[in-house]
Amino acid sequence: MIQRIAVMVVIVFGILMPCAGATAEDAPAPDDLLTLAKGAVLVSAAADPLRALALTDGDPESNWNASTKKVPLPHVFVFELIAPATITEAGIIGAGDRPGGVAGGSAGNVLIEGSAEGPDAGFATLATLDAAPNGETLAPSAISTPVRWLRYTINGAQSADASWLYFNEAAAHGTTVAPSDTDRFTGVFQSGRVDFIELKQDGAALTGCYIENSGRSTGTLSGSVNEGVALLNWTSEQGIQGNAFMTIDSKGALAGVRYRQRSRNAWGGPPAPEGTTTPCSDIQPVNPIVAALQEAGEVQIYGILFNHDSDVPKASSRAALEQLREALASDTSLDVTIEGHTDSDGDDAYNLDLSQRRAASVVSWLTDAGIEATRMQPAGRGESEPVASNNTADGKALNRRVEVVRR
């Protein structure tokens, strides 16, 4: 349930969410601009910033919490959006009973402010609200000009004697234009004392490498940029694989998370000192699809994108489709299965059918581009093979992909 607050009036609306039995007519929920999936990052938190990452993961089951004795009220959080945005409404999600029955209280009175100047200045009141006992509480924005930073001040809990205070998500709806610069992610970033990530961006394509474990191990990176955020595959030198989701903040730092099996951990860092090099600094980028098919026999492609409920590739998919065509044309003995994958929103059967149609659409595009149809087999996998958690917004974005497997 969503509670939207107007002056002196409280109106409760229901919203249509994908669920069992979902059909092609179901509309997607409004984008929450305060998720990593939309390029938002946490700038500062009242306490426990690692736990506060849960406030931008899009998962209504995770939460930030703190002792009101150890961390006195008010609790202040600052978030940065991917670009200036006109906010229509903002609020919080998850102000119900604390999970597990542990004594405590959820957020009550909340002040939300916006700034176009920076994380420490220029804030004006965007909205105030008293969180509902359950669900999502949203209030209309009092600011009509674009803002880049949002500051949430939790002034109290829903019960005055609460020894713990928590909430699940910060939320903001509105409109923005994502960065489109073609070298946004190019650079070397310091992810630890002697750990680094290097990325090279060519249009929407990304390649790179990383050093970790205090410089003792390395790995490779490849992926695509979609609306200013990077969806990446990583492979360690031991052959361990996973996914990552990254954005670049206003200071040029790389910020994101890495998925490995069931874990989701922060990954990134500020620009490395000038002159810093990595094992891939002097290596010219190659078509990552060619390299993956040759070395591993399969590749996850995030640059082939579709609109909601559509099996027609977006115009922005052309670069990734051209990379795939080039990979298949470079080795005429290569036969592949082209798989479509979805997140878990919606009915299983519908997602399976949609993924099959999307896979067939990619095969059709490649056939029109000169690749023999007999070399490609479309296959819909639906939501059955996730590579990240479907509980988070960025995990869902990583699960929506095209995968190519050598036969």
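Trainee: Which residue stands opposite Trp234 in β18?
Mentor: Gly242 does. Keep in mind that this is a predicted model.

Trainee: How many bridges join β17 to β18?
Mentor: There are 6. β17 covers residues 229–236 and β18 covers residues 241–248. The two run antiparallel.

Trainee: What holds strands of a sheet together in general?
Mentor: Backbone hydrogen bonds pair them, either parallel or antiparallel.

Trainee: What sheet do β17 and β18 sit in, and in what order do the strands come?
Mentor: An open sheet of 8 strands. The order is β13-β14-β15-β16-β17-β18-β19-β20, with antiparallel pairing.

Trainee: Which strands are at the edges?
Mentor: β13 (187–190) and β20. Each of them pairs on one side only. Neighbouring strands of this sheet are turned by 25° against each other on average, direction ignored.

Trainee: Let's look at β20. How does β20 pair with β19, parallel or antiparallel?
Mentor: Antiparallel, over 7 bridges. β19 spans residues 254–260, and β20 spans residues 263–269. For one bridge, Ala255 has Gly268 in β20 as its partner.

Trainee: What links β19 and β20?
Mentor: They form a hairpin with 2 residues between them. Gln261 in that turn has a positive phi of about 55°.

Trainee: New topic: pockets. How much space lies in the second largest pocket?
Mentor: About 900 Å³. Its lining has 37 residues, and the closest to the centre are Thr220, Leu221, Ser222, Asn233 and Thr235.

Trainee: Which element gives the most to that lining?
Mentor: β16, with 5 residues. Elements giving two or more include β17, β18 and α2 (288–295).

Trainee: And what kinds of residues make up the lining?
Mentor: 18 nonpolar, 14 polar and 5 charged.

Technical notes:
Residues are numbered from 1 along each chain as its sequence is written. This is a predicted model: local features need pLDDT of at least 70, side-chain atom pairs count only at pLDDT 80 or more; totals for chains, interfaces and linings use all residues. Side-chain values use heavy atoms; hydrogens and water are left out. Two strands pair if DSSP finds at least two bridges between them. Helices (H or I, at least four residues) and strands (E, at least two) are DSSP runs, numbered from the N terminus. Axes are lines fitted to C-alpha atoms, for helices over the stretch in contact, and angles run from 0 to 180 degrees between N-to-C directions. On a 1 Å grid over the protein atoms alone, a cavity is a set of points where a 1.4 Å probe fits but cannot get out, and a pocket is an open set with protein on both sides within 12 Å along at least five of seven lines; lining residues have an atom within 4 Å of a point. Grid points are joined across faces, edges and corners, and a volume is the space filled by probe spheres set on the points. Ala, Val, Leu, Ile, Met, Phe, Trp, Tyr, Cys and Pro count as nonpolar, Asp, Glu, Lys and Arg as charged, and the others, Gly among them, as polar.
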